[in-house]
Amino acid sequence: AAEYAQAEANVIRWLREHAGEIAASRALRAEAIVRMNVLRKLSAEGKTGPVRDMLQSCEVSGHKEIIFSMFNKPIADLGAAFPNSVTLTGSVSTKNRQKLVERFQSEPGLCFFFGNTIAAGVGITLTAADRVRFLDLPWHPAQKLQAEDRAHRFGQKRTVTILDMIAKGTIDERLSAIIANKQAIIEQAVEGRPGAPV
């Protein structure tokens, strides 16, 4: 918590110092995103302990779960805490990726699938799970929807529950509002309905 608070103070100070320049400078906008990603990463890492404590084996809960993060460290830490799990990040080869998916889909005692949102959020079927948790949120609603759809695929027989792990007082709250606003704009454009974003 102290590390996050210090990093947040640094980001706020930097944003204030460059407030008038950010809109006009591509380099400063990129720098702002990098600085905010540091906060996102710290928040995600800070949630691994509480999320670890929330997770119950599928034998107890009756649910297999997919847990996504944009960052590899929290995923690796959670994977190490649960021997009845698989972990998929971008470093996993295509051949091994498919083996991990098949194991999760077919082995009843394999309760958790920990995946990097980019590496595991597209192109695979994980219908053995009926719970999807996001340790942190991607910048774009489409990435989140794609990741959710790993469990919402042909062959899913149960209702899928989506849980966003939002840490109070962190960048998570602001990012959640931004994503909701972007999603509202997308829905308005697709459905052709008027109205202001949320």
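1. Strand β1, which spans residues 65-69, contains Ser-69. The model is a predicted one. Ser-69 has a relative accessibility of 0% and counts as buried, because the cut-off for that class is under 20% relative accessible area.

2. The surroundings of Ser-69 come from several parts of the chain. With neighbours within four places in sequence left aside, Ser-69 is in contact with Ala-44, Pro-74 and Ile-75, with Gly-115, Asn-116 and Thr-117, and with Leu-135 and Asp-136. Ala-44 falls within the range of helix α2 (26-54), while Gly-115 belongs to strand β3. Arg-153 is not in that list of contacts; its C-alpha atom is separated from that of Ser-69 by 20 Å, with the two positions 84 residues apart along the chain.

3. Strands β2 (residues 85-88) and β3 (residues 112-116) run parallel and are joined by 4 bridges. Within this pair, Leu-88 stands opposite Gly-115. Gly-115 is also one of the residues in contact with Ser-69.

4. The connection between these two strands includes helix α5, residues 94-106. Together, β2, α5 and β3 form a β-α-β unit, and its hand is right-handed.

5. A second buried position is Thr-127, with a relative accessible area of 15%. This residue counts as buried because 15% is under the 20% limit. Thr-127 is placed in a loop, the one between α6 (117-120) and β4 (131-134).

6. Beyond its neighbours within four places in sequence, Thr-127 is in contact with Gln-105 and with a group of residues later in the chain: Arg-150, Ala-151, Arg-153, Phe-154, Gly-155 and Gln-156. Gln-105 falls within the range of α5 (residues 94-106), the helix of the β-α-β unit. Lys-157 does not appear among these contacts; from C-alpha to C-alpha, Thr-127 and Lys-157 are 8.2 Å apart, at a sequence separation of 30 residues.

7. The largest pocket holds about 190 Å³ of space. Its lining consists of Ala-1, Glu-3, Tyr-4, Leu-42, Ser-43, Glu-45, Gly-46, Lys-47, Ala-167 and Thr-170. Two or more of the lining residues come from each of α1 (2-17) and α2 (26-54). Helix α2 makes the greatest contribution, 5 residues.

8. By residue class, the lining of the largest pocket has 4 nonpolar, 3 polar and 3 charged residues. Glu-3, Glu-45 and Lys-47 are among the lining residues, and Glu and Lys count as charged. Ala-44, a contact of Ser-69, is not listed in the lining.

Note on methods. Residues numbered from 1 in each chain as written. Predicted model: local features only at pLDDT ≥ 70, side-chain atom pairs only at ≥ 80, totals over all residues. Heavy atoms only, no water. Buried < 20%, exposed > 50% of the residue type's maximum accessible area, 1.4 Å probe, protein only. Contact = heavy atoms within 4.5 Å. Pairing = 2+ DSSP bridges. Right-handed = clockwise from strand over helix to strand, strands pointing away. 1 Å grid on protein atoms, 1.4 Å probe; cavity = no way out; pocket = protein on both sides within 12 Å on 5 of 7 lines; lining within 4 Å. Points joined across faces, edges and corners; volume = space filled by probe spheres on them.
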